[in-house]
Amino acid sequence: MDHHRNQGVHGVDTDIAHPVEASIIQNRTPLKALYFFFQLEFYALRPTFIKPPPVTRMVVLNFVLQVSYDAALLYCFGWNALLYLLLSTFICGSFHPTAGHFLSEHLEVVEGVETYSYYGPLNYVTYNVGYHNEHHDFPYVPWSRLPEVRRIASEYYDTIPQCDSWCGIIWNYVTSPNLGAYSRVKRTRRIAATERINPNDNVRDGTIDRSTVGQGKKDM
């Protein structure tokens, strides 16, 4: 739950690009395109640098089970089966319409707005991951009930900025000079579970970085 309770906190939220990543990519279109093409690899490796997970018994067991499954798949169906799974994972996380959710969820397109929902038809094939504001507000609500959360509190969710197109946000991220690796809200400190913070109080919650160049501009 670190990403939900401490969204954007340096050293805690691994959804935020590592400073080395951001300094290299910045707002350069070719590098943004290359980064997005390999973004799942960044997501997989980033936690090992920002917040390395402890190697527990369950982690070791999970690794053994995964290797065993891949070995069984290789034995029964050959290399083509493993290659299919590898390429499918790679493609769906790069320039694929559903991969737009990686950007749309927290890219700071509008100044001061760090989480966005998408209510389009691709939710039907992604377990409603587009209902991201609803998910962050109520992270224990199952994906199947997130549309109901929006319906119940529509006066709140329908009046805040939304992402209209996952394909559109991919295009805008890569091509727009106003969006880049620094277009995220970053904070300096962790917030305790018992601490009450006004989400609009950027002094107390430790907001330190709001680097979207096109402040106030909607590029979705």
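**Reading cores and a buried side chain**

Tutor: This is a predicted model; its mean pLDDT is 87, and 85% of the residues reach 70 or more.

Student: Over which residues does pLDDT stay under 50?

Tutor: That happens over residues 208-218. The model still has 37 contacts beyond four places in sequence for that stretch.

Student: Okay, now the inside. How should I read a nonpolar core, and how many residues has the largest one here?

Tutor: The general idea first: in soluble globular proteins, nonpolar side chains tend to be buried together. Here, the largest nonpolar core has 21 residues. L103, L107, V109, I169 and Y173 have the most contacts inside it.

Student: Which elements give two or more residues to this core?

Tutor: Look for α2 (19-25), α3 (29-37), α7 (101-104) and α11 (166-175). Of these, α11 gives the most, with five residues. Try clicking on L103: leaving aside residues up to four places away in sequence, L103 touches F36, I169, I170 and Y173. Apart from this core lies another, of six residues, including Y119, Y131, L146 and V149.

Student: And N133, in helix α8 (residues 132-137): is N133 buried or exposed?

Tutor: To decide, compare its relative accessibility with the cut-off: buried means under 20%. N133 has 11%, so it counts as buried.

Student: What does N133 touch in there, not counting residues up to four places away in sequence?

Tutor: Its contacts of that kind are T115, Y116, S117, Y157 and I160. Zoom in on T115: its backbone oxygen lies 3.1 Å from a polar atom of the N133 side chain.

Key
Residues are numbered from 1 along each chain as its sequence is written. This is a predicted model: local features need pLDDT of at least 70, side-chain atom pairs count only at pLDDT 80 or more; totals for chains, interfaces and linings use all residues. Side-chain values use heavy atoms; hydrogens and water are left out. A nonpolar core is a set of buried Ala, Val, Leu, Ile, Met, Phe, Trp, Tyr and Cys residues joined through side-chain atoms within 4.5 Å. Buried means under 20% relative accessible area, exposed over 50%, partly exposed in between (1.4 Å probe, protein chains only). Helices (H or I, at least four residues) and strands (E, at least two) are DSSP runs, numbered from the N terminus. Contact means heavy atoms within 4.5 Å. pLDDT is the predictor's confidence in each residue, from 0 to 100. A polar contact is a pair of N or O atoms within 3.5 Å; within protein, one must be able to donate a hydrogen and the other to accept it, and residues adjacent in sequence count only if both atoms are side-chain atoms.
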